[in-house]
Each structure stands twice: as structure tokens, then as C-alpha cells.
Amino acid sequence: MAYINENYNKLKAGYLFPEIARRVKVFTEGNPEAAKRLIRCGIGDVTEALPEAVRAAMHKAVDEMGDRATFRGYGPEQGYDFLRNAIAEHDFKARGIQVEADEIFISDGSKCDTGNILDIFGAGNKIAITDPVYPVYVDTNVMAGNTGDADENGAYAGLHYLKCTPANGFVPEIPSEPVDLAYLCYPNNPTGAVATRAQLEAWVKYALANGTTILYDAAYEAFIRDPELPRSIYEIEGARDCAIEFRSFSKNGGFTGVRCGVVIIPKGLMGKTKAGGKQAIHPLWSRRHSTKFNGTSYIVQRGAEAIYSAEGKAQVKALIEHYMGNAALLVEACKKAGLQVYGGVNAPYVWVGCPNGLTSWQMFDKMLNEANVVITPGSGFGSAGEGYFRISAFNSRANVEEVCRRIAQL
């Protein structure tokens, strides 16, 4: 028999979202009439159609694939130049941010990237994560053997947990000791918190002083509407020397099922070797990407490129306004119900305190059974998430209005 990777045995019983799906399946099979009323506000999946500009570009690309003269087979693993150039120009240079096209890698999604990035970092790194946290950051480190076992609260030995609470606005304090890798996600999943320019400046200053590499997940940057808030870590001076940024077309362009993500690695970003030397990270990721990935499809990349057209920008703006309108309604409904509410202003997630001492999973069951609404229990995002639940604003307006009514009744 082949030896298995026993690090997988350290993982908790089930990944959060499959466990939610399991409980919902049990409910729907046992309550067929109530199941007809079910509204899902749990997993952060978009609901509205792909923008027309994206669909048109993808249709055109499909037609190209049907003609031998314009057919394309394997594309460049790092991404087609037309998309890399569009991202560099519109997301960065147009905002006065220095990012070159060849520092951009196109992938099949930022979820994959935030896990795969560990391939190019060695053993023995001290790793900091926020708590609550997007579970992928933790679980992929467990799988890679970067942790010990979990304690009774689900915290893994070997990880440095940065508590996020109402007292610090769910933006953690700078670590009191050096760490090698630090995961940051803003706007935050799950809490909906955003980091100010001053807070990110403090993180970059810390990283430069301690040789820390920041893994910055900006998947929800398009939902920031306050012009004073940074939408990229590279807006901060010095960040090119200490940060990798992850982006996604999933939420702004509706690509959750289409799949297209972005990794930005500045060419001057360095890591250290066991011998004490320095080595550029960019060529390591390029080699990893080329070896383990055959590239995002041409059709998908043409669709992503269309987001940067005048029509595409207008249609994406309308999508974001729709989802943020949903978030505003959910925030108002929860406040009227007397609940503690966070997020939902520059992020599509609403983070809510559980009432009457209920645990997160008790609140999940209450919402499911009594209101027929699926939410996400906060404890699934870490021990500091206990006592909270997350509501996703990704839904139709009619569904969100109905959820608001049910919250009031509940």
C-alpha cells in the first residue's frame, strides 16, 4: 500500500461548506414543504447573470474556436497578454499603482491560489492568520504539514492566531513577535471589515522590518465604495517588497462558476534560503504555475477582458450596486431586530451577533428550521467566530427582501 499524507487526518471533521450542505440536505429531505421556501444566504455564491459584455466576448471566442484559422489550443500558462495587460492598466496603472503585466498570473480562482501559494514556501515558517478566518488558509497549511494537531477549540499548534473582535473593528493588532507569512483579507471574509490606509501602512512597516511576506487576499476589493480605503496592498509604499496579492473575477464579474483569478507577485519580492541567502519569489511561482497548471481557457480570459470595456465596467458597477443594496437591507433588518451587526458597508457580507446566548450552529439550525434561511455559522471560521453568523448579500432583491421579513418575524 502507498503511504498517505497523514496531515489530512489533522483536519476537523468536514470543511465548513460541505457540512452546511449536508445539514441542508437532511432538512430538505425531511421537510419537503418547508424546503420550497428555502432561501440560501450561506455560501458566498453570486446569483445574477454574467454581464452582457462578458457573454458577448465569450460567444465571440467560442466562434473563434470553431474556425481552424482562429482556433487556439494550449495558451500561455501565465495568462494571455491581452488580459494581463488589461489588468495592469485598469486595476493598477490607472490608479497610480506600479504593477507590470508580467507580474500578473491568471488562474482558475483565488481560492486555489491562496492554497497553492504554499508550494513555493518551505517548511519551518511561522504563519499568522486572523481569527475568524477564511477556512482555506488554515486547512491548506494543515494539509501541507505546517501545523501540529488542533486543540479542543479547533486551533492548530504552529499557527499564530490574530484575534479579530468588535474592539479592534475585526482588524487584528500587529503581531508582537516576528512571523514569516501573514494572511490578510480585506474587505474581509467573513466579517465584512475593511482595513484603513493607516492600518495597512502599519502592516507593511511591520513586514519590512521583520522580513514577513504578506499574503493579501483582495477578492472583494470591487465592493469598496469609500474612496479613502485602499483597494490594493500595492497602494501602500513598500508593499511591493513584502506582499503577494490575490484577486478574483468571481464576485465582481459573476465568475464563480466560470473560474478566473489573479495572482500578483512583484519581481523584486524576495524569500530566504536555508543557507541565509535571498531568492526571488516571482520565478518560483512562474515555474510552479507552468508545471502544475495548463492555463485558464481562452474563452474565459476573453470574458474577463471584457469586464474592462466601457460596457463591461458599467455592467459590473450595476452588479455591485445590486449586491450592496442587498447588504444595506440586511444590515437594516438585523439592526431593527436588535442584533449586533458589522460589515455590509464596503463588503458583501453581514456579520451578526447571535441573540440570547445561542451558539453559531444553534443559530444556523434556528434560521434553517424556523425561518427556512441558510446562513453561515461563525464558528466555522475559527474560535473567535463563535457567537456570530454570516449572511451573504449575493442573492436576488426579492429573496433578500423576504429574508428581511423573516428575520423580523423570527
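How exposed or buried is arginine 23? In this predicted model, arginine 23 counts as partly exposed, because its relative accessibility comes to 24%, which falls between the 20% and 50% cut-offs. Arginine 23 belongs to helix H1, which runs over residues 16-30. Inside that stretch, its side chain pairs up with the side chain of glutamate 19 in a polar contact of 2.9 Å. A general point about helices fits here: an α-helix has 3.6 residues a turn, so residues three or four places apart point the same way. Once neighbours within four places in sequence are set aside, arginine 23 is in contact with Trp361, Phe364, Asp365 and Leu368. For phenylalanine 364, 341 residues away along the chain, the C-alpha to C-alpha separation from arginine 23 is 9.7 Å.

As for annotation, the unreviewed UniProt entry puts a feature called "domain: Aminotransferase class I/classII large" at residues 42-407. Helix makes up 34% of that span and strand 16%, and its two end C-alpha atoms sit 15 Å apart.

Next comes the largest pocket, which holds about 600 Å³ of space. Its lining counts 28 residues, and those closest to the centre are Phe121, Asn125, Gly271, Lys272 and Thr273. Helix H7 (197-210), strand S9 (270-272) and strand S10 (278-280) are the elements that each supply two or more lining residues. Sorted by class, the lining is made of 11 nonpolar, 12 polar and 5 charged residues.

Aspartate 131 is worth following for a while. It is part of strand S3, residues 127-131, and it is buried, because its relative accessibility is just 1%. Its side chain meets that of lysine 163 in a polar contact of 2.7 Å. Beyond residues up to four places away in sequence, aspartate 131 touches Tyr161, Leu162, Lys163 and Cys164, and also Phe381, Gly382, Ser383, Ala384 and Gly385. The peptide bond that leads from aspartate 131 into proline 132 is cis, with omega near 10°. Proline 132 itself lies in the loop between S3 and helix H6 (135-143).

Lysine 163 turns up again with asparagine 168, which touches Lys163 and Glu173 when residues up to four places away are not counted. Asparagine 168 is placed in the loop that links strand S4 (159-163) to strand S5 (181-185). At 15% relative accessibility, this loop residue counts as buried. The side chain of asparagine 168 also reaches the backbone nitrogen of phenylalanine 170, at 3.0 Å.

A second cis peptide bond joins tyrosine 186 and proline 187, with omega about -10°. Proline 187 is located in the loop between S5 and H7. For background, most residues other than glycine have a negative phi, and most peptide bonds are trans. On the phi side, two asparagines go the other way. Asparagine 356 has a positive phi near 55° and lies in the loop between strand S12 (349-353) and helix H11 (360-371). Asparagine 372 also has a positive phi, about 55°, without being a glycine, and its loop runs between H11 and strand S13 (373-374). Their surroundings can be set side by side: asparagine 356 is exposed because its relative accessibility is 78%, whereas asparagine 372 is buried, with a relative accessible area of 5%.

Two further helices round off the picture. Histidine 282 is found in helix H8, residues 282-292, and counts as buried because its relative accessibility is 12%. Leaving out neighbours within four places, histidine 282 is in contact with Asp102, Glu103 and Phe105, and with Ile265, Pro266 and Lys267. Isoleucine 120, 162 residues away from histidine 282 in sequence, is 9.8 Å from it by C-alpha atoms.

Then there is helix H9, residues 298-306, whose buried residues are Tyr298, Val300, Gln301, Gly303, Ala304 and Ala306. What do the buried residues of H9 pack against? Their partners are helix H3 (52-65), helix H4 (81-92), strand S2 (104-107) and helix H10 (310-336).

How values were computed. Residues numbered from 1 in each chain as written. Predicted model: local features only at pLDDT ≥ 70, side-chain atom pairs only at ≥ 80, totals over all residues. Heavy atoms only, no water. UniProt positions renumbered as here; feature names shortened; annotations may be inferred. Helix = DSSP H or I, 4+ residues; strand = E, 2+ residues; numbered from the N terminus. Buried < 20%, exposed > 50% of the residue type's maximum accessible area, 1.4 Å probe, protein only. Contact = heavy atoms within 4.5 Å. Polar contact = N/O pair within 3.5 Å; in protein donor to acceptor, adjacent residues only side chain to side chain. 1 Å grid on protein atoms, 1.4 Å probe; cavity = no way out; pocket = protein on both sides within 12 Å on 5 of 7 lines; lining within 4 Å. Points joined across faces, edges and corners; volume = space filled by probe spheres on them. Nonpolar A, V, L, I, M, F, W, Y, C, P; charged D, E, K, R; others polar.
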